[in-house]
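Subject: Structure for you to look at

Hello,

Here is the structure I said I would pass on. Please open it and keep it beside this email while you read.

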Amino acid sequence: MSPADPAAAPEPAAEPATAQWYRHFGTVDAPGNSLCYEDWSVAIAEDPELIRRIDEWPHNKRQPLLLLAAARFLGAQISPYREFRSFLDEHWDEISRTVLARATQTNEAGRCATLLPSLARIAATEGRPLALIEVGASAGLALFPDRYGYEFDAGSADPGDPAAGSADPGRAAVTRLQPAGAQPGTFPLLRCTTTGPVPLPAQLPRVVWRAGIDLNPLNVRSPDDVAWLEALIWPEQDFRRERLRQAIAVAQADPPLLVAGDLNEQLVALAGRAPSDATLVVFHSAVMAYLDAEGREQFRGTIAELTAGRGCHWLSNEGHTVILQADGSSVVPEMDAERLRGRFLLTHNGQPVAIAGPHGQSLEWLQAATS
Ligand SMILES: C[S@@+](CC[C@H](N)C(=O)[O-])C[C@H]1O[C@@H](n2cnc3c(N)ncnc32)[C@H](O)[C@@H]1O
């Protein structure tokens with residue numbers, strides 16, 4: 001039977017793009033993180049009526065995590081898909097309103113663990129305290145690396161992490177750091193498995209000024225924004241929810257300066273407000289994917305200006321497909337994509353220094369970055 005044979009059975013229609021998006025999320029992103037999101041996303045992919053409704057939203061609003069977080073925000077509990085589907089039907093108007101009003105702005109304080117060694121090294125090298133600017137800061141929870149506690153463990157490994165099994169057996173166990181004078185339980189304790197010669201500091205760096213930029217800064221003193229931040233955490237990840245609550249409590253006591261706007265439009269003016277006797281560090285995590293190639297290029301140019309004019313340092317903690325190399329490429333020659341899959345590449349002034357767990361759970365220092 002030739003393909004042109006009119007009697008031939010029709011080819012099965014390709015799955016619509018939105019359905020593919022949900023299937024990808026359910027089979028690639030969710031496994032290992034959330035059984036419930038795995039089930040729901042695959043079931044949504046196979047639910048043409050729901051896909052039709054999702055397709056009524058603008059393209060950037062159709063992303064799986066946004067719909068799932070909106071449902072959780074409105075009270076959806078872990079349940080079989082049949083019950084979840086009824087919940088969606090009953091609350092569809094509110095879900096639509098939430099999806100259209102909100103964005104995925106997960107704020108992960110745990111990432112401070114993978115930034116901390118670089119921040120401490122910069123402070124030590126420069127011999128001055130730090131002024132921090134985070135671009136794409138969400139609620140600004142990563143602006144408090146000096147107010148959290150840390151447990152860097154070179155002796156064990158999280159089996160769910162791609163770095164598992166490569167923890168350095170020669171390194172003695174655990175390095176603990178915490179803010180001077182703070183009572184345990186009043187700050188989140190960030191646990192991170194280390195591999196290789198991570199330059200762990202003996203004490204936390206001093207931060208004298210902190211500020212962030214976001215298209216839509218979230219306010220840690222707004223109950224609605226706090227509930228949204230909680231809804232963005234995947235259902236079964238209770239330890240991340242607990243860490244988020246503790247980080248929010250730290251930020252609520254002394255909210256950071258957050259400027260609303262595009263990072264490319266706001267950065268130079270905000271850098272001008274940083275105290276001149278502190279070392280300025282501009283950093284970002286999980287943000288570059290939101291920018292197009294032109295936006296990333298513009299940002300790199302601004303960083304180059306600030307580095308030359310202000311002596312600022314630049315830390316980038318991003319998925320390897322969106323990183324910005326000093327030469328403008330996003331290719332890391334010495335690393336194959338497999339090694340970086342599912343993890344972030346940490347660069348300091350454009351040079352790769354480490355491979356980081358995306359939520360700060362692991363830090364693999366690159367040998368070439370020790371000097
Ligand atoms: C996934 S969140 C990451 C938040 C935070 N960096 C963290 O690691 O927890 C990305 C944030 O970047 C912000 N964002 C995206 N594009 C932006 C832009 N052009 N200018 C400023 N902020 C932006 C989003 O609003 C969102 O809050």
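Below is what was found, taken in turn: strands, ligand, helices and a few single residues.

Please keep in mind that this is a predicted model.

Strands

Start with strand β8, which covers residues 313-319. Of its 7 residues, 6 are buried, so the rest of the structure largely encloses this strand. Strand β8 has a partner in β7 (residues 279-285), and the two are parallel, with 5 bridges between them. To find this pairing on screen, look for Phe283, which stands opposite Leu315 in β8. Between the two strands you will meet helix α10 (residues 293-310); β7, α10 and β8 together form a right-handed β-α-β unit.

Strand β8 also pairs with β9 (residues 344-348), again through 5 bridges, but here the strands run antiparallel. Gly319 is the residue to look for in this case, as it stands opposite Phe344 in β9.

Another set of pairings involves strand β5 (residues 207-214). It is parallel to β1 (residues 130-135), with 6 bridges. Ala131 has Trp209 in β5 as its bridge partner. β5 also pairs in the parallel sense with β6 (residues 257-260), over 4 bridges. There, Gly212 is matched with Leu258 in β6.

When you look along any of these, remember that side chains in a regular strand alternate between the two faces of the sheet.

Ligand

There are 21 residues around the ligand, and those that come nearest are Gln105, Gly136, Leu263, Ser285 and Tyr290. Sorted by class, the shell consists of 10 nonpolar, 7 polar and 4 charged residues.

Helices

Helix α8 (residues 238-253) has 16 residues, which at 1.5 Å a residue should span 22 Å; the C-alpha atoms at its ends are 23 Å apart, so the two values agree. Which residues of α8 are buried? They are Arg240, Arg243, Leu244, Ala247, Ile248 and Ala251. Viewed down the axis of α8, these buried residues fall within an arc of 140 degrees, so they line one face of the helix. On the face turned away from that buried side, Asp238, Phe239 and Ala253 are exposed.

Helix α6 (residues 112-126) can be checked in the same way. From first C-alpha to last, its 15 residues reach 20 Å, close to the 21 Å expected at 1.5 Å a residue. Its buried residues include Cys112, Leu115, Leu116, Leu119 and Ala123. Gly127 follows α6 and has a positive phi, near 70 degrees.

In helix α7 (residues 223-231), the buried residues are Asp225, Trp228, Leu229 and Ala231. They cover an arc of only 160 degrees around the axis, which puts them on the same side of α7. Pro223 and Ala227 are exposed on the other side. Ala227 counts as exposed because it has 12 other C-beta atoms within 10 Å, and the cut-off for exposed is 12 or fewer. Ala227 and Phe73 are 154 residues apart along the chain, yet their C-alpha atoms are separated by 6.7 Å.

Single residues

Cys192 is part of strand β4 (residues 189-195). Is Cys192 buried or exposed? Cys192 has 27 other C-beta atoms within 10 Å, so it is buried; the cut-off for buried is 20 or more. The C-alpha atoms of Cys192 and Thr175 are separated by 9.9 Å, and the two residues are 17 apart along the chain.

Two further residues have a positive phi without being glycine. One is Ala286, with phi near 55 degrees. Ala286 is in the loop between β7 and α10, and is buried because 22 other C-beta atoms lie within 10 Å. The other is Asn349, with phi near 50 degrees. Asn349 sits in the loop between β9 and β10 (351-356). With 15 other C-beta atoms within 10 Å, Asn349 is partly exposed.

A possible starting point is β8, which is largely enclosed by the rest of the structure, followed by its pairings with β7 and β9.

Regards

Note on methods: Residues numbered from 1 in each chain as written. Predicted model: local features only at pLDDT ≥ 70, side-chain atom pairs only at ≥ 80, totals over all residues. Pairing = 2+ DSSP bridges. Right-handed = clockwise from strand over helix to strand, strands pointing away. Near = placed C-beta within 6 Å. Nonpolar A, V, L, I, M, F, W, Y, C, P; charged D, E, K, R; others polar. Expected span 1.5 Å × (residues − 1). Arc of directions from axis to C-beta.
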